[in-house]
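Ready for some practice in reading a protein model? Take a pencil, work through each exercise, and then compare your reasoning with the solution.

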Amino acid sequence: MKVELCADFFVYTKVQLAFGMDSGRDRMRMDDRLSVLPDDVIIEILSFVGIKDAVGTSVLSSRWRFMWTLIPHLTFSTQDFSTMDKFFDFVTHVMSRRNNQLQLSSFNLCFRRKDDGGVAQRIMNHAFSLNVQQLNVTCLFGKDYTCDSDKKTGFPLSLSDIPMFRHLHPILRGRSGYIYTLPTPTHEFSSLGTLHLCTVTLYDGFLSMCPNLENLTLYWCTMLGSKVFRICHPRLSNLTLTTRGTIGLVVHVVTPKLKYLTISEQMNGIQISAPELVFLRFEGPCPCMFTTGDFPSLEKAHLSMHNSLNRSSSYAPTVISLLQKFHNVKLLSLSMDIIELLNASVGLISHQPFSLANLKSLKILPCWGWKDKKVIMSAQVKNYLLNSSHNATLTEVLPG
């Protein structure tokens, strides 16, 4: 079911819940506005207003008394409470009174590094006792937080003592330059299907402990003690990788079942082996090395390479070699930086013709960081890209 409600409805709802109902007339007004809606829509609304406000609706009427106990997505933050005792009491109240016959789809826990990690750990463990399917954990490292001189600190919660789950999103946010380590677990997470990691350093072998992982997002992560970031997994289907621009970083992706791959930011080299890939998105400076296997199933590709392209023709073989693997692509997007590089490499592409027989759409994207820059595609480059796909549409995307 898709729920669409006007913005002023949510504003009115949140204001009334936050400041309380001044009279029985106000309560009646609120109840009247929502009483015509089915329970599942009301529960969806309560998921938006926040758990503290949702619990407050229990005073509206007998119908609303237990409505909040049916919310499938729970979000708790220590920032909403003055002390950890008050936070723990509130979470205990909610968890003990929710309808445990209904599946708890997701549990979101946000806490500060200075908070009592033991309390957060107990809350997280209790969530899993209710068979939660997705866990989102955000740890906030304040700007005044300090750790030892080598700028390394461990993830403040233990992930090895919790039961099986499908989705895990541990996130650490705080001072740049710090490395937050997530150690290899002591046992397999055999049910884990989705993993999101942000600003953490992984030990080699971590992914091997997640044999059924299908969706992986790594944002500003590194591999401990190595500038080679290896992502090897037999079942991975969706991978998003954003690096920190580490000098000399080389990324190896060996994923026989991978369907969707997104890579951004700077790296020295990329090696990809993903024969079943159907979608590829790359944004960032062109790496010195970009080697891949064949992409027989690739249908959509988005390449936005920038910075050094127009300053050095040495990148031309890398880009052209990559384009050669796109012979089955139907939807292709290229930045003007790439078009400019191809314009300057007519002699090279004339000796390396290729066919895009299945191409339906070619989009030319604005130059990265130079939205007002115009690049005219030469006739030779246009022929190179569209010679074998006469019915393909050519579109220039205007800067946003």
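A salt bridge is a side-chain nitrogen of Lys or Arg within 4 Å of a carboxyl oxygen of Asp or Glu. Keep in mind that the model here is a predicted one.

**Exercise 1. Find out how Lys257, Lys259 and Glu276 are linked.**

Solution.
- Step 1: Begin with the total, which is 4 salt bridges in the structure.
- Step 2: Check the first pair. The closest N and O atoms of Lys257 and Glu276 are 3.6 Å apart, and the two form a salt bridge. Lys257 sits in the loop between strand 13 (250-254) and strand 14 (260-264), while Glu276 sits in the loop between strand 15 (269-273) and strand 16 (279-285), so this pair links distant parts of the chain, 19 residues apart.
- Step 3: Check the next pair. Glu276 also forms a salt bridge with Lys259, with closest N and O atoms 3.0 Å apart. Here the residues are 17 apart along the chain.
- Step 4: Put the pairs together: Lys257, Lys259 and Glu276 are linked in a network of salt bridges.

**Exercise 2. Decide whether Lys257, Lys259 and Glu276 are buried, partly exposed or exposed.**

Solution.
- Step 1: Recall the cut-offs: buried is under 20% relative accessible area, exposed is over 50%, and partly exposed lies in between.
- Step 2: Compare the values. Lys257 has 43% and is partly exposed. Lys259, at 29%, is partly exposed. Glu276, at 25%, is partly exposed as well.

**Exercise 3. Work out how the rings of Phe76 and Phe90 are arranged, and which parts of the chain they tie together.**

Solution.
- Step 1: Look at the geometry. The ring centres are 6.2 Å apart, with 70° between the planes. Planes over 60 degrees apart count as edge-to-face, and that is the label for this pair.
- Step 2: Locate the residues. Phe76 belongs to strand 1 (residues 73-77) and Phe90 to helix 5 (residues 84-97), so the pair ties together parts that are 14 residues apart in sequence.
- Step 3: Look at the surroundings. Both Phe76 and Phe90 are buried, and they join Phe81, Phe87 and Phe107 in one aromatic cluster.

**Exercise 4. Where do the buried residues of helix 10 lie around its axis?**

Solution.
- Step 1: List them: in helix 10 (residues 379-386), Val381, Tyr384, Leu385 and Leu386 are buried.
- Step 2: Look down the axis. The buried residues fall within an arc of 170°, so they line one face of the helix.
- Step 3: Ask what covers them; the elements include helix 7 (316-323) and strand 19 (331-335).

How values were computed:
Residues numbered from 1 in each chain as written. Predicted model: local features only at pLDDT ≥ 70, side-chain atom pairs only at ≥ 80, totals over all residues. Heavy atoms only, no water. Phe/Tyr/Trp six-rings, centres within 6.5 Å; stacked < 30°, edge-to-face > 60°. Helix = DSSP H or I, 4+ residues; strand = E, 2+ residues; numbered from the N terminus. Buried < 20%, exposed > 50% of the residue type's maximum accessible area, 1.4 Å probe, protein only. Arc of directions from axis to C-beta. Contact = heavy atoms within 4.5 Å.
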